[in-house]
Amino acid sequence: VKHYKEFIKLVPTLSDLISGFEKFPSAMDNFIHALSSASNDARSDDTGSLMREGLVYMLKTPETDQFNPPLLKQHGKIARGWNHPQTARLLCPMRMLDIFDNDPLSFMNKVKEGQIKITAAKLPLFLYDESMLDPTRKSQGCLRGYYLKRVFRHIFTGPSSAISANTHKGTKAPKGRIHGMISPLPRAIAYAAVQAYFQLSSATQWTQQIESLDLVLFYDRVVDMFEGNTNKQWVDETLNHWKL
């Protein structure tokens, strides 16, 4: 019910449209199919756009940082994920970062061999502002990672603003403005986190399951950090941070 009410805020006429299906119930299937197709197309557009332009977002300081070994668009996504130390580090669970940094290659091999299971319950490093990390407090610095923010801005405020939040070029209105988003919403942040995870991974086509991690559960995990969190101070501080 809560999700429906939030959707109605974005599309006020939806309620009347749905009511009309009482007289034409068979039209509901067509409507659901159209919604599903539209959402898949939008997700596919975002994924493709990030594939074309988003590789540089993974570098903390794009002007000076480099991938070592080199990682180029023409290498394809198969070279990412647990096959490259820099993408692997961003995917590494925050609480296992010391183990990874001690021997990256060993950690990467253990993930690929299934000895280390990466699940939605283990929050990846890219969600975090690494300067704020505290292994004893998994919420410290969470959802403030530079790569997460860049992916969010690429999708909702436009690719030209991804690296520099105050820059926007182009004549096309950003998606956030089109949908009336005046500040980042928890579910939009969670959607960006899912897109970010996929881009970092070695998956060559969209899939819900990447190794042992379920992207739907990952999305729900991020949403729950806002909507199911009893620490309202953390929620408020995190959302205020995103407004900057």
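This section describes the fold, the salt bridges, the cysteines and selected residue environments of the chain.

The model is predicted, so local features were taken only at pLDDT of at least 70 and side-chain atom pairs only at pLDDT 80 or more, while totals for chains, interfaces and linings use all residues. Residues are numbered from 1 along each chain as its sequence is written, and side-chain values use heavy atoms, without hydrogens and water.

The chain has eleven helices and two strands. Both are DSSP runs numbered from the N terminus: helices are H or I runs of at least four residues, and strands are E runs of at least two. Along the sequence the order is α-α-α-α-α-α-α-α-α-β-β-α-α. Of the 244 residues, 39% count as buried. Buried means a relative accessible area under 20%, exposed means over 50%, and partly exposed lies in between (1.4 Å probe, protein chains only). Contacts were defined as heavy atoms within 4.5 Å. Among contacts with a separation of 6 or more, 59% join residues 24 or more positions apart.

Salt bridges were examined next. The criterion is a side-chain nitrogen of Lys or Arg within 4 Å of a carboxyl oxygen of Asp or Glu. Side chains of opposite charge can pair when their charged atoms come close. The whole structure contains three salt bridges. One joins Asp101 to Arg89, with an N to O distance of 2.9 Å. This pair links distant parts of the chain: Asp101 sits in helix 5 (residues 97–102) and Arg89 in helix 4 (residues 85–91), twelve residues apart. Arg89 also meets Glu130 in a salt bridge, at 2.8 Å from N to O. Here the partners are 41 residues apart, with Arg89 in helix 4 and Glu130 in the loop between helix 6 (104–112) and helix 7 (146–156). Arg89, Asp101 and Glu130 are thus linked in a network of salt bridges. Each member is partly exposed: Asp101 has a relative accessible area of 36%, Arg89 has 23% and Glu130 has 35%.

Another salt bridge is formed by Glu227 and Arg187, whose closest N and O atoms are 3.0 Å apart. Glu227 belongs to helix 10 (residues 215–227) and Arg187 to helix 9 (residues 186–200), so the pair ties together parts that are 40 residues apart in sequence. Both residues are partly exposed, Glu227 at 30% relative accessible area and Arg187 at 22%.

Helix 9 also packs against helix 7. The two axes come within 9 Å and cross at roughly 110°. Axes are lines fitted to C-alpha atoms, for helices over the stretch in contact, and angles run from 0 to 180 degrees between N-to-C directions. Angles under 35 degrees count as roughly parallel, over 145 as roughly antiparallel, 65 to 115 as roughly perpendicular and the rest as oblique. Helix 7 and helix 9 are therefore roughly perpendicular. Helix 7 contributes Tyr147, Leu148, Val151, Phe152, Ile155 and Phe156 to the contact. Residues from helix 9 include Ala188, Tyr191, Ala192, Gln195 and Gln199. By class, the contact holds 13 nonpolar, two polar and no charged residues. Nonpolar covers Ala, Val, Leu, Ile, Met, Phe, Trp, Tyr, Cys and Pro; charged covers Asp, Glu, Lys and Arg; the others, Gly among them, are polar.

Gln199 also relates to a position far off in sequence. Its C-alpha atom is separated by 9.7 Å from that of Gly48, 151 residues apart along the chain. Gly48 lies in helix 3 (residues 26–53) and is partly exposed at 21% relative accessibility.

Met225 is found in helix 10. Met225 is buried, with a relative accessible area of 8%. Beyond its neighbours within four places in sequence, Met225 contacts Leu123, Cys142, Leu143, Trp234 and Val235. The C-alpha atoms of Met225 and Val235, ten residues apart along the chain, are 7.8 Å from each other. Its contact partner Cys142 is buried at 1% relative accessible area, and Cys92 is buried at 0%. Disulfides were sought as pairs of cysteine sulfur atoms within 2.5 Å; the count is zero.

Ser202 lies in the loop between helix 9 and strand 1 (209–210). Ser202 is buried at 14% relative accessible area. Leaving out residues up to four places away in sequence, Ser202 touches Lys77, Ile78, Arg80, Gly81, Asn83 and Glu211.
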